[in-house]
Each structure stands twice: as C-alpha cells, then as structure tokens.
Amino acid sequence: MAGLYLLTVPAEGLTRLNHGDLLTLGAAGLYAVHIILVGDYTRRHSVAALSVLQVAACAVLAWMTTAVAGATLWQPARYEGRWELVAAIGICAVFATAIAFSVQLWAQQYTSSSHAAIIFTLEPVFAVITSYLVIGERLNRRSMVGALFVLAGILTAELLGPAAAPESPEPMGETGLIN
C-alpha cells in the first residue's frame, strides 16, 4: 500500500487527487474481485465462453458508463474520426481487452487467485517504466521508492508468505476434484 501511495498520490497529498485517481482506486478494488471470480469460474466453465462473455460485458459496461458520464456532464463524450483515435480504440479493444482477458482466463486455470493477484500488483511498476520509455516521464525519488516498496511487497509475499498449493500441470477444474 505504501508503494502504491507513493506512485499514485501527488506529493501535495490526498487533496490533490483528481477524478481519474479516484476511478483508478475503485477500479483496483473491482479488479481484485474480478481476479477472484476468474479463479472460481475458470475451474467450472469453458475459457472460450468466458472470454466472449467478458469482452461482451466489458463493451456493454463501457458504453453504459460513457452514456452516464455524458448525461451527467461529468465527462461529456466526444469522438473525432481521426485515424489515431480509431487505431487506439482498435488496439485497446483487441489487445488490452479481448486478448488480455482471454490470456488471463487461460493462465489463471493453472494457478491460484492469490498468485495471479501478486503478478498483477506489478502493473503500477510497469506503468511507471512505460511512461518513462514512451513519453519520457522522469522518475523522481518518490516514484522510485514507491516502485521499490511494491517490489518488496511482492517478494515478501512470495518468499515469506504461506506456502501455496503446488502448481497444476492441467487446468485445476479438469482434474475431477472440483465439480
């Protein structure tokens, strides 16, 4: 938590958080629930069917959220038919949604939800590295310390946490142990 705080909260404190920061915090909580549910459902249902369902649900929820945000004037929707925007939407729809959800569903059949969550905690660290490489954002001491805290937390959970169940060479739901 300390690492995430240092990576995301401005040095001026919590009063300087913006709408995006608060949305990110809420999304992180919902994504934790998502990881737990994926761990459960991939053991009982078809990965292909779950992939289609997740992508469809994501599309419907995105459209609904856009409509509500526009109707409440919180974030009016606007669309510019430029090729960069169309390409960005396509890349996000295909790679960051359809492929990412499918890979997560497939991979999470072979591991526990807690192990998957530990892997996902690296996302803020990769986001900081990517922003440095892509847009030249400079990492300040605060961000570096935050990234180190996140990495230390992951190492602590992996090395000193309770022993995890052995990884299964087959999807956990296909062993016959789970109905």
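**Group meeting: a walk through an all-helix model**

Hi everyone. The secondary structure of this protein comes to 7 helices and 0 strands. Read from one end of the sequence to the other, the pattern is α-α-α-α-α-α-α. Please keep in mind that we are looking at a predicted model.

Let me begin with the whole chain. The protein has 179 residues, and 21% of them count as buried. Then there are the contacts between residues at least 6 apart in sequence: 75% of those join residues at least 24 apart.

Now to the packing, beginning with helix 2, residues 19–41, and helix 4, residues 83–108. How do helix 2 and helix 4 lie relative to each other? Their axes come within 9 Å and cross at roughly 50 degrees, and that makes helix 2 oblique to helix 4. The crossing is right-handed. If you have the structure open, look for Tyr31, His34, Ile35, Val38 and Gly39 on the helix 2 side, and for Phe101, Gln104, Leu105 and Gln108 on the helix 4 side. By class, that contact divides into 5 nonpolar and 4 polar residues, with no charged ones.

Helix 4 also meets helix 3, which covers residues 47–71. Here the axes come within 9 Å and cross at roughly 140 degrees. Angles over 145 degrees would count as roughly antiparallel, so this pair is still oblique. Helix 3 passes helix 4 in a right-handed crossing. Helix 3 brings Val47, Leu50, Ser51, Gln54, Val55 and Cys58 to the contact, while helix 4 brings Thr97, Ala98, Phe101, Ser102, Leu105 and Trp106. Sorted by class, we have 8 nonpolar and 4 polar residues, and again no charged ones. You may have spotted Phe101 and Leu105 here; both are also part of the contact with helix 2.

Next, helix 2 with helix 5, which runs over residues 113–120. These two pack at an angle of about 140 degrees, with their axes 9 Å apart, which makes helix 2 oblique to helix 5. This crossing is right-handed too. Tyr31, Ile35, Ile36 and Gly39 in helix 2 meet Ser113, Ala116, Ala117 and Phe120 in helix 5. The tally is 6 nonpolar, 2 polar and no charged residues.

While we are on helix 5, which of its residues are buried? Ser113, Ala116 and Ile118 are. What covers the buried residues of helix 5 includes helix 2, helix 4 and helix 7, the last of these at residues 141–160.

For those of you who think about cysteines, I have a few words on those. Cys58, which we just met in the contact of helix 3 with helix 4, counts as partly exposed at 30% relative accessibility. Cys92 is partly exposed as well, with a relative accessible area of 45%. The disulfide count comes to 0.

Last stop: a residue with a backbone angle to look at. Leu73 is found in the loop between helix 3 and helix 4. Its phi is near 60 degrees, a positive value in a residue other than glycine. Is Leu73 buried or exposed? Leu73 is exposed, with a relative accessible area of 65%.

To recap the packing: helix 4 meets helix 2 and helix 3, and helix 2 also meets helix 5. Thanks for listening, and do ask away!

Technical notes. Residues numbered from 1 in each chain as written. Predicted model: local features only at pLDDT ≥ 70, side-chain atom pairs only at ≥ 80, totals over all residues. Heavy atoms only, no water. Buried < 20%, exposed > 50% of the residue type's maximum accessible area, 1.4 Å probe, protein only. Helix = DSSP H or I, 4+ residues; strand = E, 2+ residues; numbered from the N terminus. Contact = heavy atoms within 4.5 Å. Axes fitted to C-alpha atoms, helices over the stretch in contact; angles between N-to-C directions. Parallel < 35°, antiparallel > 145°, perpendicular 65-115°, else oblique. Left-handed = near helix turned anticlockwise from the far one by under 90°. Nonpolar A, V, L, I, M, F, W, Y, C, P; charged D, E, K, R; others polar. Disulfide = S-S within 2.5 Å.
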